[in-house]
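Let's walk through this one together, starting at a turn and working outwards. Have the sequence and the model open side by side.

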Amino acid sequence: MSVRRVVPIAMRLSWLVLIALAIGEFVTDLPGPGWATTLLPALVVLALMAATMSLQARAAAPRGEPGPPVEVAPPVTGRWKALNSPADKVPSHGTHAYGQTYAIDIVAEPETAEGEAPGRPGAGPATRPAADPATRPVPRPQAEPAPRPGAGPVTRPAFRLFWPVVRRNRAFPAFGAPLLAVADATVVVASDGQRDHLSRNSLPALAYLMLAEAPVRSIVGAHRIIGNHVILDLGGGTYAVYAHLRRGSLRVRAGDRVRAGQGIGRVGNSGNTTEPHLHFHLMDGPDPDAARGVPFTWRGVGVPANGETFTVVEPEERGGRSTEEQAEEQAGRPTEHQAGRPVEGRAAGS
């Protein structure tokens, strides 16, 4: 068993021992002074945990100079903003663990054009120009059917100090947005049974996430950190990770072959998250506990920096099929192309 596999196990065992010591102090009457029966062992475990964390970071860190970035298609369509980007720092999320050295988070950012309702078709251009005609700016299609005509999430709610403490996922435009395969690939992991929790975008909720929820998820394992997820084998020893997907949204399962641009699931808010978003990264193996990060670049977009917006068109805008048509085909329903009905003038994603 490699060091990269042993270290996460040692970390979880250390957490369990620490918790057991804390519980034992309150529910049992151990012989001897408290400093000898609880405090001293706890300090030893904490020291071991610190050493384990350092070893984990070193084991997951890239070896030597990073190779050239692997070019793949963008995993989304529409207008998005980048957060925690490797264009600004590496490791982008402050750790090499889980193969996320070059990971990126993206959130949906609908744009409002003058005289139009926010988030509706016809929005203005992205703040970042597309690098080629295949990714010219177009409006982001609405991710989910609106609860009433003309309604739906139109802007991303801002972080609040105290109120509201949490928000429902439908308040965020990213929630339910379709996700696309970034290349022709084989699905090696497909998991979407975890719940989508409420947002953590207030000070009390963030404190709860960092101090209570995140440590528990770390103990349980990587799958609880990344939540519902898909891992694609792109070939050549490169694997793509889509994390924090929506519960029950996956359209693929392990062993399936997918084509570039094919719909595979939807954005959710599962795992270690503050709000609905997509966490994406490439790594050199199928197991996040043992893999190292691999640099990436999105075709026509590159690697957007923190706070930078970018826009990717729907496949049908490039002469292909929309993500909704692909989803209908996978579900066994005839698409508009197959039924012989014209698609010109149909709203993208409707």
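G236 takes a positive phi near 65° in the hairpin of β6 and β7, where two residues lie between the strands. Helices and strands here are DSSP runs, numbered from the N terminus: H or I over at least four residues for a helix, E over at least two for a strand. Keep in mind that this is a predicted model, so local features need pLDDT of at least 70 and side-chain atom pairs count only at pLDDT 80 or more, while totals for chains, interfaces and linings use all residues. Residues are numbered from 1 along each chain as its sequence is written, and side-chain values use heavy atoms, with hydrogens and water left out.

Now follow the strands away from that turn. β6 (residues 229-235) and β7 (residues 238-243) run antiparallel, joined by six bridges; strands count as paired if DSSP finds at least two bridges between them. One pair to look for is H229 with its bridge partner A243 in β7.

β6 has another antiparallel neighbour in β5 (residues 185-191), with five bridges joining the two. There, T186 stands opposite D233 of β6. So how covered is β6? Mostly: five of its seven residues are buried, meaning under 20% relative accessible area (1.4 Å probe, protein chains only; exposed is over 50%, partly exposed in between).

Zooming out, the protein chain has five helices and 13 strands. Of its 350 residues, 48% count as buried. Take the contacts (heavy atoms within 4.5 Å) with a separation of 6 or more: 72% of them are between residues 24 or more positions apart.
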